[in-house]
Amino acid sequence: MNNKVKTAIALLCFGFVGALSADPVTWDTYAGAGICTSGVGNNCKFTDSSHTLTAYAYSTTDNSGTTEFEKATLTVWSGGLGVKNPDQSNENSSPNHALDDNGRDELIVFENGDPGNYFTGFKIGWRYSDSDISAWVGSLSTNYDFTGTRFSDLAGMGFTKVDFSNVPTNTQRSLGSLAGNYLILAPSADSNSEYVKISQVSGEIPNKVSEPGIMALFAVTLMGLWANRRRNAS
């Protein structure tokens, strides 16, 4: 294979590397940043650069943290997202309107519908008492209903777990770069009561070229190969 053919192939490969590069996205999830429905089982949608992140709330069905998830109410505040579980009367009061594990264990599920998404981090905008948080990232079908799932099921469903201790407010916590269309955030399972509000989620979206763009890359490369062959033949 001569140098010109190698160059043409290298250009094609370079084009595909560019096609698969990632764009960072940041979704603010505090009051005024998105659009929310209401009631138990509601959702909030947040958009950055035309990429939409949808959030849902769940809680365990008892106080042990080991039981099945049921739908809860997602709430949005100036400090970020909280959860009101449907089983306790104190959920309208502070700090129980936050994402917490005082009584029922609560969780927020974030879904991004972009293929190949990576979740890279999150922030909290408010905390009370302790702020240890567990995060899980994994891939499931779109609009997946987590009702009936348990925390102990997530590893078997392909989720990767990362734990964070004493998360400070307004400070990015890095997930590295975990591939998946779902991110779950919940208070860590320990002896302390955690109260937090999630104010931001970040990720990376593959910057894929369009189908016409891919065809153009092929055309340019094939023309180069054809021209090189004609030169060699002459």
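This is a short tour of one protein chain, stop by stop.

**The whole chain**

Start with everything shown. The model is predicted. Its chain has 2 helices and 15 strands. Of the 234 residues, 43% are buried. Now look at how the chain folds back on itself. Among contacts between residues at least 6 apart in sequence, 74% join residues at least 24 apart. The chain exposes about 11,500 Å², and carbon and sulfur atoms supply 53% of that area.

Next, colour by confidence. The average pLDDT is 87, and 80% of the residues score at least 70. Then select residues 4–19, where the pLDDT is below 50. Beyond near neighbours in sequence, this stretch has 19 contacts in the model.

**The nonpolar cores**

Select Ile 108, Phe 110, Leu 183 and Ile 198. These are the residues with the most contacts inside the largest nonpolar core, which has 30 residues. Which strand gives the most to this core? Strand E15, residues 194–206, does so with 4 residues.

Stay on Ile 108 and show what surrounds it. Leaving aside neighbours within four places in sequence, Ile 108 touches residues from several stretches of the chain, including Ala 55, Tyr 56, Leu 74, Leu 81, Val 83 and Leu 99. Leu 183, Ile 184, Leu 185 and Ile 198 are also among its contacts.

Now move to a second, separate core. This one has 13 residues, including Val 109, Trp 136, Leu 154 and Ile 184. A general tendency is in view here: in soluble globular proteins, nonpolar side chains tend to be buried together.

**Aromatic rings**

Show the side chains of Phe, Tyr and Trp. The structure holds 8 aromatic pairs. Select Phe 69 and Phe 151 for one edge-to-face pair, 4.8 Å centre to centre with 75 degrees between the planes. Phe 69 is in strand E5, while Phe 151 is in the loop between strands E11 and E12. The two are 82 residues apart, so this pair links distant parts of the chain. Both residues are buried. Go on to Phe 122 and Phe 164, which are also edge-to-face: 5.2 Å centre to centre, with 85 degrees between the planes. Phe 122 belongs to strand E10 and Phe 164 to strand E12, so the pair ties together parts 42 residues apart in sequence. Are these two rings buried or exposed? Phe 122 counts as buried, because its relative accessibility is 0%. Phe 164 counts as buried too, at 11%.

Then select Tyr 58, Tyr 144, Phe 146, Phe 159 and Tyr 182 together. They form one aromatic cluster.

One more ring deserves a stop: Trp 126. The charged end of Lys 197 sits over this ring, 4.4 Å from its centre.

**Backbone details**

Switch to the backbone. Most residues other than glycine have a negative phi, and most peptide bonds are trans. Three places depart from that pattern.

Where is the cis bond? Look from Ser 94 to Pro 95, where omega is near 10 degrees. Pro 95 is in the loop between strand E7 and strand E8.

Next, select Ser 49, a residue with a positive phi of about 50 degrees although it is not a glycine. Ser 49 lies in the loop between strands E3 and E4. With a relative accessible area of 54%, Ser 49 is exposed.

End at Asn 143. Its phi is also positive, about 55 degrees, and Asn 143 is not a glycine. Asn 143 sits in the loop between E11 and E12. At 59% relative accessibility, Asn 143 counts as exposed.

Note on methods:
Residues are numbered from 1 along each chain as its sequence is written. Side-chain values use heavy atoms; hydrogens and water are left out. A nonpolar core is a set of buried Ala, Val, Leu, Ile, Met, Phe, Trp, Tyr and Cys residues joined through side-chain atoms within 4.5 Å. Buried means under 20% relative accessible area, exposed over 50%, partly exposed in between (1.4 Å probe, protein chains only). Contact means heavy atoms within 4.5 Å. Accessible areas come from the Shrake-Rupley method with a 1.4 Å probe; for residues, only the protein chains shown count as cover. pLDDT is the predictor's confidence in each residue, from 0 to 100. Rings of Phe, Tyr and Trp (its six-membered ring) pair if their centres lie within 6.5 Å; planes under 30 degrees apart count as stacked, over 60 as edge-to-face and the rest as tilted. A charge sits over a ring if NZ of Lys or CZ of Arg is within 6 Å of the ring centre and within 35 degrees of the ring normal.
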